[in-house]
Amino acid sequence: MVFGAPPLPFSIPLALRGQVFIGDFIYSRYRLMILGVAALCVLGLWLLLQRTHFGRVVRAGVQNPDMVGALGISLRPYMSAVVMIAVGLAALAGVMLAPVIGVHPAMGAEILTFAFVVVVIGGLGSFWGVVVAALIVGVVRGIAAYAYPPATEASVYLLMLLVLLLRPRGLFGERIAKFE
């Protein structure tokens, strides 16, 4: 309502403009910085969930909330913190992608489908499965965009179909006894 529907352009900061040459490859400094920040966020999130009391309570609460409640631990503040972390990471991603794709009201809708595909391919409940699936989806999408641009979107769905046919629970998904 305030800024309108067309994308608003943002420029890359002056310190991050330019390219880095590694052998025969040319990389954008800004995109390398995005990659580094993303890697730090993934590592930080994994450390938070695996190495802290907060992470133990969250993981237990996701698997068996009744048992955590029986231990006298209220899950509400923990799950509120999880939502705040997710919102913060989404905001960070939006700010960092602003110079690349521009900011517009529906920018989350473009990512939402790919996020769903990545979670399905990686396997529900698998942290590293989602990370690996995101890398695979990115590579497949990049190769498809280079080889045959009209098939870029379809290649991701074909990859998901292939993974679901070969491994219905995803690449790193765990077998759930009550469903099998």
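## Contacts along the chain

Take the contacts in this protein between residues at least 6 apart in sequence: 49% of them join residues at least 24 apart. Keep in mind that you're looking at a predicted model.

Two pairs of residues show what separation along the chain can look like in space. Leu49 and Phe127 are 78 residues apart along the chain, and their C-alpha atoms are separated by 9.6 Å. Leu45 and Tyr157 are 112 residues apart, and in their case the C-alpha atoms are separated by 27 Å.

## The overall layout

The protein has seven helices and two strands. Walk along from the N terminus and the elements come in the order β-β-α-α-α-α-α-α-α. Measured out along the principal axes, the C-alpha atoms fill a box of roughly 55 × 40 × 40 Å.

How many of the 180 residues count as buried? The share is 21%.

## The hairpin

Start with the strands, β1 (residues 19–22) and β2 (residues 25–28), which run antiparallel and are joined by four bridges. Together they form a hairpin with two residues between them. Gly23 sits in that turn and has a positive phi of about 65 degrees.

Who faces whom across the hairpin? Phe21 has Ile26 in β2 as its bridge partner, while Val20 stands opposite Tyr27 in β2. As a general point, side chains in a regular strand alternate between the two faces of the sheet.

## Two residues of helix α1

Helix α1 covers residues 29–51, and Leu49 is found there. Leaving out residues up to four places away in sequence, Leu49 touches Gly55, Arg56, Val58 and Arg59.

Leu45 has its place in α1 too. With the same kind of neighbours left out, up to four places away in sequence, Leu45 touches Ile85, Leu89 and Phe127. Is Leu45 buried, partly exposed or exposed? Its relative accessible area is 25%, so Leu45 is partly exposed.

## Helix α5 and its cover

Helix α5 has 16 residues. From its first C-alpha to its last, α5 reaches 23 Å, close to the 22 Å expected at 1.5 Å a residue. Just after α5 comes Gly123, which takes a positive phi of about 105 degrees.

Which residues of α5 are buried? They are Met107, Phe114, Val117, Val118, Val120, Ile121 and Gly122. The cover over these buried residues includes α4 (75–101), α6 and α7.

## The nonpolar cores

In soluble globular proteins, nonpolar side chains tend to be buried together. Here, the largest nonpolar core has 11 residues: Phe114, Val117, Val118, Val120, Ile121, Ala133, Val137, Val156, Leu159, Met160 and Val163. The elements giving two or more residues to this core are α5, α6 and α7 (152–166). Helix α5 gives the most, with five residues.

Zoom in on Ala133, one of the residues in this core. Not counting residues up to four places away in sequence, Ala133 touches Val118, Ile121 and Gly122. Apart from this core lies another one, of seven residues, among them Phe54, Val58, Val68 and Tyr78.

## From α5 into α6

Between α5 (107–122) and α6 (127–147) there is a loop, and Ser126 lies in it. Is Ser126 buried or exposed? Buried means under 20% relative accessible area, and Ser126 comes in at 12%, so Ser126 counts as buried. A polar atom of the Ser126 side chain lies 2.9 Å from the backbone nitrogen of Gly129.

## Aromatic rings

A search of the whole structure finds four aromatic pairs. In one of them, the ring centres of Phe127 and Trp128 are 5.1 Å apart and their planes stand at 85 degrees. Why is this pair called edge-to-face? Planes over 60 degrees apart count as edge-to-face, so the 85 degrees between Phe127 and Trp128 puts the pair in that group.

Ring pairs also link Trp46, Phe127 and Trp128 into a cluster. Phe127 counts as partly exposed at 24% relative accessibility, and Trp128 is partly exposed as well, with a relative accessible area of 39%. You've met Phe127 already: it is one of the residues that Leu45 touches.

Conventions. Residues numbered from 1 in each chain as written. Predicted model: local features only at pLDDT ≥ 70, side-chain atom pairs only at ≥ 80, totals over all residues. Heavy atoms only, no water. Buried < 20%, exposed > 50% of the residue type's maximum accessible area, 1.4 Å probe, protein only. Polar contact = N/O pair within 3.5 Å; in protein donor to acceptor, adjacent residues only side chain to side chain. Contact = heavy atoms within 4.5 Å. Core = buried A, V, L, I, M, F, W, Y, C linked by side-chain atoms within 4.5 Å. Expected span 1.5 Å × (residues − 1). Phe/Tyr/Trp six-rings, centres within 6.5 Å; stacked < 30°, edge-to-face > 60°. Pairing = 2+ DSSP bridges.
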